[in-house]
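This report looks at aromatic ring pairs, at the packing of two helices and at the surroundings of one residue.

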Amino acid sequence: LTAPPERSSVPERTDRVTQSDKFSKLKFVLVPLFGAYIASFAMWQDKDGNVVTGLGLGGWGDLLFHIRAAIFFAEQGGWPSESFFLSGQPVGYAFVSDFLSGLLWRLGFSTAASFSIPTIVLVVIFLGALQWVVLRMTRSVRAAILSAVLFMGFGGLSGWSILGELSPDSW
């Protein structure tokens with residue numbers, strides 16, 4: 001008689017991904033992509049060539065300032081050593097998006113495209129990072145997704161009122 005083969009106390013590793021794992025990963029990616037979809041309507045050109053922005057959120061408040069900052073970066077050709085806003089002060093990280101917009105504008109993109117593309121990219125990066133941090137803290141995919149959804153909804157359901165304005169045809 002032969003002895004049965006010894007069973008290891010270490011479970012055997014399988015490289016199979018289950019259907020629920022794929023679905024969790026898909027859900028995890030959908031929220032930043034939906035945020036990018038919303039961000040894509042932050043600025044566009046209408047049929048008459050006018051730049052439209054705001055989504056009803058008062059986007060005109062400092063838009064001209066940011067357009068001027070992007071033009072400054074485009075004309076300067078790089079990151080300045082001194083602020084264009086506060087003399088003698090360094091330029092802060094808050095103008096990275098304007099810097100990217102200036103580079104795109106210098107490459108020939110339209111004003112709407114040069115502002116929308118960095119916004120879309122930064123929204124995806126931010127929402128993905130937010131979900132990743134919450135996932136690491138809570139180990140819950142649901143909590144990670146909920147945190148990004150609440151952020152997009154301004155902490156509750158009030159942000160979803162702009163969903164009806166997402167189509168440029170609704171203006």
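In this predicted model, ring pairs join Phe72, Phe73 and Phe99 into a cluster. Within that cluster, the ring centres of phenylalanine 72 and phenylalanine 73 lie 6.2 Å apart and the ring planes stand at 65°, so this pair is classed as edge-to-face, the cut-off for that class being an angle over 60 degrees. Phenylalanine 72 and phenylalanine 73 are both buried. Counted by the same ring-pair rule, the model holds 3 aromatic pairs.

Another of these pairs is formed by phenylalanine 126 and phenylalanine 151, whose arrangement is tilted, with 4.8 Å from centre to centre and 50° between the planes. Because phenylalanine 126 belongs to helix H4 (residues 111-138) and phenylalanine 151 to helix H5 (residues 141-152), the pair ties together parts that are 25 residues apart in sequence. Phenylalanine 126 is partly exposed, its relative accessible area being 38%, and phenylalanine 151 is likewise partly exposed, with a value of 47%.

The geometry of the two pairs described above is set out here.

| Pair | Centre to centre | Angle between planes | Class |
|---|---|---|---|
| Phenylalanine 72 and phenylalanine 73 | 6.2 Å | 65° | edge-to-face |
| Phenylalanine 126 and phenylalanine 151 | 4.8 Å | 50° | tilted |

The next topic is helix packing. Two packed helices are described by the distance between their axes and by the angle between those axes. For helix H2 (residues 63-76) and helix H3 (residues 96-106), the axes come within 7 Å and cross at roughly 60°, which means that H2 is oblique to H3. The crossing in which H2 passes H3 is right-handed. On the side of H2, the contact is made by His66, Ala69, Ala70, Ile71, Phe73, Ala74 and Gln76, while H3 contributes Asp98, Phe99, Ser101, Gly102, Trp105 and Arg106. Sorted by class, the residues in this contact of H2 with H3 comprise 7 nonpolar, 4 polar and 2 charged ones. Phe73 of H2 and Phe99 of H3, both listed in the contact, are also members of the ring cluster.

Serine 101, which is located in helix H3, deserves a separate look. Is serine 101 buried or exposed? With a relative accessible area of 1%, serine 101 is buried, since the cut-off for that class is under 20%. Leaving aside residues up to four places away in sequence, serine 101 touches Ala70, Ser114, Phe115 and Pro118, and Ala70 is one of the H2 residues in the contact with H3.

Terms used. Residues are numbered from 1 along each chain as its sequence is written. This is a predicted model: local features need pLDDT of at least 70, side-chain atom pairs count only at pLDDT 80 or more; totals for chains, interfaces and linings use all residues. Side-chain values use heavy atoms; hydrogens and water are left out. Axes are lines fitted to C-alpha atoms, for helices over the stretch in contact, and angles run from 0 to 180 degrees between N-to-C directions. Helices (H or I, at least four residues) and strands (E, at least two) are DSSP runs, numbered from the N terminus. Angles under 35 degrees count as roughly parallel, over 145 as roughly antiparallel, 65 to 115 as roughly perpendicular and the rest as oblique. A crossing is left-handed if the near helix is turned anticlockwise from the far one by less than a right angle, and right-handed if clockwise. Contact means heavy atoms within 4.5 Å. Ala, Val, Leu, Ile, Met, Phe, Trp, Tyr, Cys and Pro count as nonpolar, Asp, Glu, Lys and Arg as charged, and the others, Gly among them, as polar. Rings of Phe, Tyr and Trp (its six-membered ring) pair if their centres lie within 6.5 Å; planes under 30 degrees apart count as stacked, over 60 as edge-to-face and the rest as tilted. Buried means under 20% relative accessible area, exposed over 50%, partly exposed in between (1.4 Å probe, protein chains only).
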